[in-house]
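Reader: I would like a close look at one helix and what surrounds it. Please take a single part of the chain and work outward from there.

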Amino acid sequence: MANKFIRYELKNGAEYASVCLPMRVDGRKVNKTENLGRVLDKQQGIFKNRERGVFRYTLEQGYQDAPAESHAMALKPKGPERLILDFGDVHVLHEYLKTTPYHAVLTSLLPDQGDTLLALVYYQILASGARRYAGSWYEGSYARLLLPRAALGSQRISEFLSVLGDEALQRRFFCTYLAKQFPAETVHGLLIDSTGLPNSIDFPYTAYSNHGGQVSVETRLIYVTDRLSGMPLYFRYVAGNVIDVSTLKATIGELQMCGIAADYAILDAGYFTEDNIKALHENEIAYLTRLKPNRKLYKQLAAAHAQALQHGGNLVSYNGRAVYIKRVPCTVTSGIDAFAYIGIDMLRRSYEMNAMLVNAVEDDLGPEEIDGNLSKLGLFIMISSEEIDTKELLPLYYARQQIEQVFDITKNYADILPLRVHGEDTFRGHLLLCFIATIICKRLQGELDAKGVNLIGLFKELRNQKCKVYDSLVVVQEATKKVNDSYKALKLRSPDKIPR
């Protein structure tokens, strides 16, 4: 084999080097590499990295102390450098992240590419648009000084997403994240739902979907969140033509492999089948779900109980709405009994009644048919494995809104759409990057909501705080009242200066 050599490469206008030692492993030629860091003087072999600082390295003599004058080189900018940068948004997001469990998770995920990972997460949260503009954002942001080894060229980002999409890496991420997020808990109530990601990517997970009567070409994204905290636990994806009912078993199975044992699941109507109920029963997971009107069980329960439902003893109030709810025992499938909750939402009923009566007159319906249709207006039926007080039913079921909020964050804050990736590996990397941005935003939004502070508005105000860059110092510009209020909302203080 050949002797070791030094390899040089450009990243965002700066030159970096590594020592490569060619060798054979299992008959294959590979290079064992050792990072030298940023190149300060190629002719003299002067380099700088975080572990050693400024040093000299040659193939003949190895590592040596650098001449005293070499340390001044580290302070000089390489190539054109912007002297005024956007500061407040990146600084606050970075400082906030360090107070959460996620910082340790992210820095341990890809140690050699940690700057790139954090820079892309910050871009995902603070900026918007295609990632090909991430380099331009980086050049004008304090992120350039905070994360100097980030590689945000368009090709480099694509390569990085492919690395991030590796299955082994993603499994490691979820095990580490879940252990940090829920260190003292092993059992969780789950909220499970899916959303469509319209796309035209040419790979097996793009397919025609008919979801809720809307036909589109998409991939289905499945999210699982914790019922109590609303924090995202896990994601998976399936082809657009895979219906929700067939995804539940695999989702629960993958969660168990990540160390998440569920004791309760709140599911949308799309997940109700006899097979899924059996699976929940076998895994000892209690559940609450809604029935679709086209199900045989729904029709049987409605026929038996809808007519006599409006009775004073069945009346409850939820969120300013009057609702009649009656609980009755039922058999979901052979050998599995449950409780059915038949309800009428009176507000929804009133909205639907006028339209139905007008159509009944125009269609010349008979009195019996009109009365039959009236009994179905505003009707809903839920199935639970456990006996629930009818007053607690709707607050429990509408905990599902937590997952709708997560989808909202994923699409509007974490910028998951439109999809601009090619191939499954980069697609998976894109989803993981968006998931990371989502968990940070969800936690941050939870803290800000209690103080009446808008997440988007906070970062827009903070971006107005600039910093001036000097050879050895970053001087932070004075904070306005709105910027100061943003710092206070997160119990942080604006620095005056930061050594480089």
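Author: What follows starts at helix H10, moves to the loop and strand after it, and then places them in the whole chain. The model is predicted.

Helix H10 runs over residues 274-282, and its buried residues are Asn276, Ile277, Ala279 and Leu280. Viewed down the axis of H10, these buried residues fall within an arc of 160 degrees, so they line one face of the helix. The face turned away from that buried side carries His281 and Glu282, both exposed. The cover over the buried residues of H10 comes from several elements, including helix H9 (248-257) and strand E12 (261-267). Strand E13 (286-290), strand E15 (321-333) and strand E16 (336-345) are also among the elements that cover them.

The loop between H10 and E13 contains Glu284. The phi of Glu284 is near 55 degrees, which is a positive value in a residue other than glycine. Glu284 is exposed, and its relative accessible area is 70%. For this label the cut-off is over 50% relative accessible area. A second case of positive phi in a residue other than glycine is Lys491, with a value near 60 degrees. Lys491 sits in the loop between helix H18 (481-489) and strand E20 (497-499). Lys491 also counts as exposed, at 74% relative accessibility.

After the loop comes E13. Four of the five residues of E13 are buried, so this strand is largely enclosed by the rest of the structure. E13 runs parallel to E12, and four bridges join the two. Within this pairing, Ala265 stands opposite Tyr287 in E13. Both E12 and E13 are thus strands that help cover the buried residues of H10.

Next, the nonpolar interior. The largest nonpolar core has 140 residues, and Tyr122, Phe173, Leu301 and Ile383 touch the most other members. Helix H16 (residues 424-449) supplies the largest share of this core, 13 residues. Leaving aside residues up to four places away in sequence, Leu301 touches Leu291, Ala306, Val328, Cys330, Ala340, Ile342, Ile381 and Ile383. A second core, separate and of seven residues, includes Ala17, Val19, Val39 and Phe47.

Toward the start of the chain there is an open sheet. The sheet has six strands in the order E1-E2-E3-E4-E5-E6, and the pairing is antiparallel. Strand E1 (5-11) and strand E6 (62-65) are the edge strands, each pairing on one side only. On average, neighbouring strands of this sheet are turned by 45 degrees against each other, direction ignored. E1 pairs with strand E2 (residues 14-25) in the antiparallel sense over seven bridges. In that pair, the bridge partner of Phe5 is Cys20 in E2.

Finally, the chain as a whole. The protein chain has 18 helices and 20 strands, and its C-alpha trace spans about 95 × 65 × 45 Å along the principal axes. Of its 500 residues, 50% are buried. Among contacts with a separation of 6 or more, residues 24 or more positions apart account for 63%. The chain exposes about 25000 Å², and carbon and sulfur atoms supply 49% of that area.

Note on methods. Residues numbered from 1 in each chain as written. Predicted model: local features only at pLDDT ≥ 70, side-chain atom pairs only at ≥ 80, totals over all residues. Heavy atoms only, no water. Buried < 20%, exposed > 50% of the residue type's maximum accessible area, 1.4 Å probe, protein only. Arc of directions from axis to C-beta. Contact = heavy atoms within 4.5 Å. Pairing = 2+ DSSP bridges. Axes fitted to C-alpha atoms, helices over the stretch in contact; angles between N-to-C directions. Core = buried A, V, L, I, M, F, W, Y, C linked by side-chain atoms within 4.5 Å. Areas by Shrake-Rupley, 256 points an atom, 1.4 Å probe, with all protein chains shown as cover.
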